[in-house]
Amino acid sequence: MGPEGVYARIRGGVIGTGMPAFTALDDATVWKIVDYVMSLGHEDAGVATGDPQKGRAIWETSQCGMCHTAEGPGGDLGPDLSHIGVQRSTVSLTNTLNDPGHNLPLDAGLQERATYTAYMVYRAVLKDGKVVEGMRVNEDSFTIQLRDAEGRLRSIQKFEVQKLEPEPGKSFMPSYKDKLTPVQINDLVAYLSSLGEAQ
Amino acid sequence: MKGAKYFLCGLAVTALVLGSRVESAAQNVTYDQILHSASHPEDWITYGGNYAAQRFSELKQINKTNVDELKLRWVYQLRRSGIFESSPIVVDGMMYVTEPPTTVTALDVRTGRPVWRWTADLPKDLLTIGLFPTNRGVAILGDTVYVATIDAHLVALDAKTGNMRWRVEIGDNKQAVAITQAPMAINGKIIVGMGGGEGGLRGFIDAYDAKDGQRLWRLYTIPTTGEPGVETWEGDSYKYGGATTWNTGAYDPELNTLYWGTGNPAPDWNGDARKGDNLYSCSLLAIDADTGKLKWYFQFSPHETHDWDAAEPPILFDATINGKKRKIVAQADRNAFYYVLDRVTGEFITGKAYANETWTKGLDAKGRPIELPNIDPTPQGNLIYPSITGSVNWTSSSYSPLTGLFYVDTREQGAYYYKGHPTIEPHNPNDTGGGGGQKLVNGDAAYTAVRALEATTGDRKWEFKMVGDSWTGTLATAGGLVFCADSQGNFFALDAGDGKPLWNIQLGNSVRANPITYAVDGKQYVVGEAGNAVSVFSLP
């Protein structure tokens with residue numbers, strides 16, 4: 001992301017995150033902040049090199065919309081990707097497509113757990129031996145709420161379980177490493193990178 | 001002396017007859033009543049429950065066998081919103097709770113209905129540098145309630161009506177002095193410290209005449225020119241070094257000694273211009289209650305650069321260690337170490353880390369930390385455990401003489417510390433702590449836990465892990481329970497012996513206040529505060 005991108009994000013905020021729009025700041029101040037941010041160390045975010053039109057077609061054929069929303073209606077098992085282009089770098093998107101379980105985002109939906117890993121899969125063995133597996137929607141010291149693969153919310157009191165443990169590396173989203181070629185992944189990343197603008 | 005009776009360990013607890021009063025007695029709390037608070041546990045009469053700050057109640061109607069039957073009795077919604085961190089006082093059928101930034105509300109403990117409310121007039125240009133504008137509670141003595149205001153005044157209120165009797169300035173708020181703590185009432189005196197150390201000032205603690213507010217003594221926590229210890233500050237850095245006294249301490253009436261923790265030195269994250277140990281920052285002070293003279297000090301974190309105040313309330317108890325009866329003051333410090341000191345002499349008895357820390361190789365024979373190299377903040381950020389919020393912060397631990405355990409609401413989290421500039425611009429809210437700062441290491445690896453430590457050794461007996469943060473502190477009871485809460489709104493009770501959860505309720509918002517317990521009309525109540533509400537529970 002270049003200085004213009006940083007400027008746009010300060011001015012407009014980033015939808016879906018806690019970053020507000022700093023509309024009251026004067027231009028000179030915003031550019032001073034941009035200079036400071038650009039002076040900080042950062043990972044190479046990468047540049048989208050694929051073809052977004054082809055990527056959009058791959059989105060359709062891979063049925064990404066079963067679980068995600070991008071443009072128009074879509075599923076809600078996975079995150080809404082309508083603004084993913086301003087929220088994730090191309091490197092991050094590529095990593096997630098190849099190995100989603102090891103590239104889970106931090107939750108941004110619930111303020112009190114905004115710093116915890118979102119979409120983490122947990123396996124709960126209830127006292128009657130039944131097993132519930134689902135993505136963590138929320139958790140506190142005594143309860144956990146999981147969304148199972150069918151999208152149902154499962155509310156569990158921790159005293160009801162024999163065992164409750166996360167399954168690191170696991171994700172309900174399949175890896176596309178062997179389903180798509182590197183070129184197709186680049187195209188899909190290019191499409192995703194085109195989604196959304198700083199608001 | 002009678003007053004020392006409640007310090008005894010393992011004291012036999014007889015069945016308590018809870019007071020049954022339909023009418024509130026006239027509020028008139030004698031010093032003797034506070035001295036013997038253990039014999040009338042229906043009241044919660046000081047900030048820490050007793051002078052020893054043990055936050056232990058002899059009440060046991062609510063116990064391990066029935067705590068899961070607790071029911072909500074009443075809720076009081078604050079009339080003033082903000083960060084709610086008040087630990088109420090309960091006496092003679094009245095609860096005195098403070099609302100942010102400085103409102104005192106008296107509630108009927110049977111119903112939660114307000115009886116009176118008093119709100120401080122505050123300046124529009126109020127300065128609160130490095131602290132939240134809140135209030136953590138009141139003190140009571142005679143028929144007077146004492147509150148310290150956020151703009152650094154001590155105010156005396158009629159306990160029955162809330163009418164203001166007098167108001168004296170403790171410090172100049174324009175110089176960044178601000179107060180959030182509950183004062184302490186001892187024999188004829190009101191003891192109160194102050195905060196605002198990130199504003200570039202010199203810390204102190206005061207005693208005031210309970211009758212008229214006349215100041216009786218002041219002890220500065222940083223020596224000045226000609227006094228021993230000033231050489232531990234480079235140049236004139238002692239003038240702006242902080243070391244405030246922003247949380248309520250403990251008192252031993254037999255030794256007539258106050259025990260009060262001090263805050264970090266300023267500027268917080270750059271010690272280059274204040275080379276030396278920076279006495280008496282990050283220390284526990286033992287103070288003669290009559291004269292304000294320093295009897296001894298123990299510095300937990302010399303030349304501190306991570307904002308690890310030592311303001312955590314110390315706890316007093318007696319115990320036999322290596323065959324010798326000792327008068328102990330113990331503190332779980334923000335710097336991740338638990339300390340056991342002789343409260344007569346200040347001698348270090350033992351200490352050990354009770355939470356993860358990456359800044360020392362342990363403590364030496366005198367309890368001084370053996371620091372690792374390269375632990376200071378850097379411009380790029382230096383990852384150190386514990387975080388700036390500390391292994392514990394301002395919330396109180398508790399001690400049960402029945403179990404001999406010290407219960408501490410512990411945080412396991414690190415932070416990247418960033419170095420600021422070496423000098424501080426006094427009283428400038430835009431130069432808090434001399435720049436610099438920290439970034440917390442968040443994520444699933446960060447957690448909090450109630451930990452039970454053997455009080456005489458610091459050895460961990462059990463822990464109860466919580467998901468997320470906790471700013472509550474603990475309450476221990478003779479019912480074999482430890483109460484705590486978390487920032488996700490769970491208020492809960494643990495078995496004091498093994499840490500097993502026995503009861504919990506979701507209160508719907510973050511809990512940021514120490515739980516207490518009291519009894520009225522033969523019924524024991526426990527108080528949990530979440531968001532902007534006081535919630536009170538009892539058995540059916």
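Modeller: Before we start, two strands pair if DSSP finds at least two bridges between them. Please keep in mind that this is a predicted model.

Biologist: Happy to! How many bridges join strand 1 of chain A to strand 5 of chain A?

Modeller: Strand 1 covers residues 121-126 of chain A, and strand 1 and strand 5 run antiparallel. One bridge in strand 5 sets Tyr122(A) against Pro166(A), and Leu126(A) is matched there with Val161(A). The number of bridges between strand 1 and strand 5 of chain A is five.

Biologist: What is the order of the strands in the open sheet of chain A?

Modeller: This sheet of chain A has five strands with antiparallel pairing. Strand 4 (153-157) and strand 5 of chain A each have a single partner strand, so they stand at the edges, with one side of each left without a neighbour in the sheet. Averaged with direction ignored, the turn between neighbouring strands is 40°. The order is 4-3-2-1-5.

Biologist: Does strand 5 of chain A lie largely buried or in the open?

Modeller: Strand 5 spans residues 161-166 of chain A, and being buried takes 20 or more other C-beta atoms within 10 Å of a residue's own. Of its six residues, the number buried is zero, so strand 5 of chain A lies largely in the open.

Biologist: Thanks, that is clear. Which pattern does chain A follow along the sequence?

Modeller: Chain A holds six helices and five strands. Of its 199 residues, 27% count as buried. Along the sequence, the pattern of chain A is α-α-α-α-α-β-β-β-β-β-α.

Biologist: Now the helices: are helix 1 and helix 2 of chain A parallel, perpendicular or oblique to each other?

Modeller: Helix 1 (residues 3-12) and helix 2 (residues 27-39) of chain A have axes that come within 9 Å and cross at roughly 125°. An angle between 115 and 145 degrees falls outside the perpendicular and antiparallel ranges. Helix 1 and helix 2 of chain A are therefore oblique.

Biologist: What is the handedness of that crossing, left-handed or right-handed?

Modeller: Helix 1 of chain A brings Pro3(A), Val6(A), Tyr7(A), Ile10(A) and Arg11(A) to the contact, while helix 2 of chain A brings residues including Trp31(A) and Met38(A). By class, these contact residues are 10 nonpolar, no polar and one charged. The crossing of helix 1 and helix 2 of chain A is right-handed.

Biologist: Over to chain B, then. Which residue in strand 29 stands opposite Tyr416(B)?

Modeller: Strand 28 (residues 415-418) and strand 29 of chain B run antiparallel and are joined by four bridges. They belong to an open sheet of three strands in the order 25-28-29, whose edge strands are strand 25 (382-384) and strand 29 (437-440) of chain B. The twist from one strand to the next averages 30°. Opposite Tyr416(B) in strand 29 stands Lys439(B).

Biologist: Last one: how many charged residues does the side of chain A that touches chain B have?

Modeller: The contact between the chains takes nine residues from chain A and 11 residues from chain B. On the chain A side, two are nonpolar and three are polar. The number of charged residues there is four.

Key: Residues are numbered from 1 along each chain as its sequence is written. Chains are lettered from A and ligands numbered from 1 in the order in which they are written. This is a predicted model: local features need pLDDT of at least 70, side-chain atom pairs count only at pLDDT 80 or more; totals for chains, interfaces and linings use all residues. Two residues are in contact if their C-beta atoms, placed from the backbone, lie within 7 Å. Ala, Val, Leu, Ile, Met, Phe, Trp, Tyr, Cys and Pro count as nonpolar, Asp, Glu, Lys and Arg as charged, and the others, Gly among them, as polar. Helices (H or I, at least four residues) and strands (E, at least two) are DSSP runs, numbered from the N terminus. Axes are lines fitted to C-alpha atoms, for helices over the stretch in contact, and angles run from 0 to 180 degrees between N-to-C directions. A residue is buried if 20 or more other C-beta atoms lie within 10 Å of its own, exposed if 12 or fewer, and partly exposed in between; C-beta atoms are placed from the backbone. Angles under 35 degrees count as roughly parallel, over 145 as roughly antiparallel, 65 to 115 as roughly perpendicular and the rest as oblique. A crossing is left-handed if the near helix is turned anticlockwise from the far one by less than a right angle, and right-handed if clockwise.
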